[in-house]
Amino acid sequence: MPLTILLISITIVGCGPSDPPTDLTKEGIIPKPVSVVATKKSFELTADSEIYVENDSLYFLGKYLSDRFKTATGFNIPVKIGSEIPSTDAIFLTAKSDQNLAPEGYSLIVDEDYVKLSAPRLHGLFNGLQTLRQLLPPKIESSTLQDGPWKISSGVIRDYPQYSWRGSMLDVARHFFSVEDVKRYIDLISYYKMNVLHLHLSDDQGWRIEIKSWPNLAKHGGKTEVGGGKGGFFTQEQYSDIVAYAQQRFITIVPEIDLPGHINSALASYGELNGGIIVPGEGKTSDKTPQQDLGIKPPTSTTLYTGIAVGWSTLRVDKPVTFKFVEDVIREISAITPGPYFHIGGDEAHVTPKQDYITFINKFKGIVKKNNKTMIGWEEISQANIDMDVMTQYWNKPKNAERAVAKMSKLILSPAKKAYLDMSYDSTTKLGLHWAAYIEVDRAYDWKLSTILHGIQKDYILGIEAPLWSETITTMDELEFLAFPRLPGYAEIGWSPEEKRTWDEYRLRLGYHGARMKAMGIDFYRSPKVDWRE
Ligand code: TNX
């Protein structure tokens with residue numbers, strides 16, 4: 001493991017205001033760091049500050065930080081290479097990175113004269129930069145020029161995550177979201193040190209990624225969305241652009257093609273895949289449960305679906321063309337996905353005969369493996385022949401999670417009753433569904449990954465993923481309203497030591513983040529459970 005140090009060293013300029021921030025332990029960092037020691041002074045970022053990075057490979061991180069500071073401060077902070085601090089009029093210090101820090105861990109020293117961030121890996125440095133951003137006044141995130149001073153409490157933070165999987169899922173199938181929207185979501189989740197964005201790229205209502213060998217999937221299957229809007233899809237180039245953007249922010253993109261159910265957009269695009277399905281009647285759909293009574297409308301091969309019923313479409317296991325389609329899709333997407341995972345969906349295949357479903361999942365496993373990816377599937381895949389090479393995403397039934405673990409498959413936890421970002425906050429929330437629960441901010445935060453499933457060892461829990469299904473949201477503002485302020489809590493559930501978390505303490509920190517979210521232009525839900533400091 002290479003030694004990598006990002007050294008941020010900054011000159012001292014002038015004297016500070018009367019009440020500089022001096023108690024690092026009182027800063028509202030989310031997720032809560034593992035350890036914080038205050039030294040009761042403060043550091044000031046000024047127009048003369050400089051960022052030093054140890055070598056070329058860290059330059060982009062220095063640049064990232066400088067760019068984050070530029071708009072609000074108006075400072076053009078230069079990024080320079082140097083492990084030795086040049087002898088200017090400033091005082092600089094340096095230290096070696098702690099190789100014992102966990103992957104993604106970092107340590108941050110803030111002194112009166114300098115800030116030093118060190119980490120054994122680039123990802124840790126990136127995480128430390130997020131902490132540093134959160135130590136500056138909230139207006140640092142503003143998109144307009146703001147007055148300083150830009151002071152930071154001094155002290156030492158040593159920090160690392162408890163769980164390796166900390167993510168969110170975005171459903172771009174029910175309603176399509178643009179490349180720009182997805183990039184903004186990546187920025188927002190990375191601010192809270194999440195490291196996974198799972199993209200739900202296909203569903204009954206839309207196919208959202210270009211497949212060159214099956215062009216009609218996107219061309220026809222991407223034409224509309226829930227409610228009949230214009231839909232859309234990512235070209236492979238656009239998808240690669242998203243992946244690269246995410247990579248720079250240490251976020252792994254997990255592509256999902258939902259199989260063998262949730263597949264109407266493909267059946268409508270290629271009639272030969274369609275084994276004759278019963279399309280739910282418009283107006284008969286409900287948001288009550290995923291297993292609902294379906295209306296009936298005669299199947300037509302090209303009809304796109306704009307309602308929100310689930311569980312009524314399926315691929316046919318007895319059609320050879322089905323597997324040609326699956327092979328081509330998984331191959332093309334895998335080829336443009338640098339991350340190690342491919343999500344095959346596998347949920348709510350209510351009209352797929354059980355034995356066929358098992359055959360499907362077993363075959364998908366081989367196809368994903370052939371493409372050098374690790375297969376992930378929703379919890380229902382535990383019915384099939386899964387093993388330690390497959391990851392299972394728990395969302396609804398503990399029995400499915402237990403069966404997955406009995407087969408040695410590790411779990412990503414997305415319990416719908418706690419972690420579904422598409423659930424309404426309460427009965428007055430205009431957006432969202434509520435088939436699983438109403439999820440206020442306290443309910444979203446106040447649970448633990450290690451105890452939510454009884455009798456499952458911690459080793460089998462990879463972490464948390466908060467899915468944002470998009471049946472009810474059409475704009476970025478609406479997306480943000482459901483994601484925030486619950487998302488920072490999910491990030492903390494995955495990152496911070498469980499025994500150090502309490503809702504009563506967290507709600508204060510979250511209250512301070514009101515000003516940050518506002519400065520970032522996030523249209524968040526002002527939950528009455530929190531005293532917002534804006
Ligand atoms: C269940 S969770 C689904 C989705 C819906 C969601 C709405 C899961 C694996 N399937 O198809 O969008 O409920 O909350």
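Biologist: Is Phe 250 buried or exposed?
Modeller: In this predicted model, Phe 250 sits in the loop between helix H5 (236–248) and S12. Residues under 20% relative accessible area are classed as buried, and Phe 250 has a relative accessibility of 16%, so the class that applies to Phe 250 is buried.

Biologist: What is the phi of Phe 250?
Modeller: Most residues other than glycine have a negative phi. Phe 250 is not a glycine, yet its phi is positive, at about 60 degrees.

Biologist: Where does Met 408 lie, and what is its relative accessible area?
Modeller: Met 408 is a residue other than glycine with a positive phi, near 75 degrees. Its place in the chain is the loop between helix H9 (398–406) and strand S16 (410–413). Met 408 is classed as partly exposed, and its relative accessible area is 41%.

Biologist: Which residue does a cis peptide bond join to Pro 260, and what is omega?
Modeller: Most peptide bonds are trans. Pro 260 belongs to the loop between strand S12 (252–259) and helix H6 (264–269). The cis bond joins Pro 260 to Leu 259, with omega at about -15 degrees.

Biologist: What is omega for the peptide bond from Phe 484 to Pro 485?
Modeller: Pro 485 is placed in the loop between helix H12 (476–483) and helix H13 (486–495). The peptide bond that leads from Phe 484 to Pro 485 is cis, and its omega is near 15 degrees.

Biologist: How many residues surround the ligand, and which are the closest?
Modeller: Sorted by class, the shell around the ligand contains eight nonpolar residues, one polar residue and five charged residues. The shell is made up of 14 residues, and the closest are Arg 174, Tyr 420, Asp 422, Trp 435 and Glu 471.

Biologist: Which side chain has an N or O atom 3.1 Å from a nitrogen atom of the ligand?
Modeller: Oxygen atoms of the ligand also have polar partners: a polar side-chain atom of Asp 422 lies 2.6 Å from one, and an N or O atom in the side chain of Trp 435 is 2.7 Å from an oxygen atom of the ligand. For the nitrogen atom of the ligand, the 3.1 Å distance leads to the side chain of Glu 348.

Biologist: How much of the area that the ligand exposes when taken alone does the protein bury?
Modeller: Taken alone, the ligand exposes 360 Å². Of that area, the protein buries 98%.

Biologist: Which side chains make polar contacts with the side chain of Glu 50?
Modeller: Glu 50 is found in the loop between strand S2 (35–45) and strand S3 (51–53), and Glu 50 is buried, with a relative accessible area of 11%. One polar contact of its side chain is with the side chain of Tyr 52, at 3.4 Å. Another polar contact, at 2.6 Å, is with the side chain of Lys 80.

Biologist: Is Arg 166 buried or exposed?
Modeller: Arg 166 is part of strand S8 (residues 165–171). Leaving aside residues up to four places away in sequence, Arg 166 touches residues including Glu 104, Lys 193, Asn 195, Ile 464 and Trp 495. Its relative accessibility is 1%, so Arg 166 counts as buried.

Biologist: What distance separates the C-alpha atoms of Glu 180 and Ile 242?
Modeller: Glu 180 belongs to helix H3 (residues 179–191) and, at 54% relative accessibility, counts as exposed. Glu 180 and Ile 242 are 62 residues apart along the chain, and their C-alpha atoms are separated by 8.8 Å.

Biologist: How many residues does the largest nonpolar core have?
Modeller: In soluble globular proteins, nonpolar side chains tend to be buried together. Among the residues with the most contacts inside the largest nonpolar core are Tyr 185, Leu 197 and Phe 325, and Leu 197 touches, among others, Tyr 185, Ile 189, Ile 251 and Val 254. Apart from this core lies another, of 33 residues, among them Leu 24 and Ile 152. The largest nonpolar core itself has 117 residues.

Biologist: What percentage of the residues of the protein chain count as buried?
Modeller: The protein chain has 14 helices and 17 strands, and its accessible surface comes to about 19800 Å², of which 52% belongs to carbon and sulfur atoms. Of the 534 residues of the protein chain, the portion that counts as buried is 61%.

Notes:
Residues are numbered from 1 along each chain as its sequence is written. This is a predicted model: local features need pLDDT of at least 70, side-chain atom pairs count only at pLDDT 80 or more; totals for chains, interfaces and linings use all residues. Side-chain values use heavy atoms; hydrogens and water are left out. A residue is near a molecule or strand if one of its heavy atoms lies within 4 Å of it. A polar contact is a pair of N or O atoms within 3.5 Å; within protein, one must be able to donate a hydrogen and the other to accept it, and residues adjacent in sequence count only if both atoms are side-chain atoms. Accessible areas come from the Shrake-Rupley method with a 1.4 Å probe; for residues, only the protein chains shown count as cover. Ala, Val, Leu, Ile, Met, Phe, Trp, Tyr, Cys and Pro count as nonpolar, Asp, Glu, Lys and Arg as charged, and the others, Gly among them, as polar. Helices (H or I, at least four residues) and strands (E, at least two) are DSSP runs, numbered from the N terminus. Buried means under 20% relative accessible area, exposed over 50%, partly exposed in between (1.4 Å probe, protein chains only). A nonpolar core is a set of buried Ala, Val, Leu, Ile, Met, Phe, Trp, Tyr and Cys residues joined through side-chain atoms within 4.5 Å. Contact means heavy atoms within 4.5 Å.
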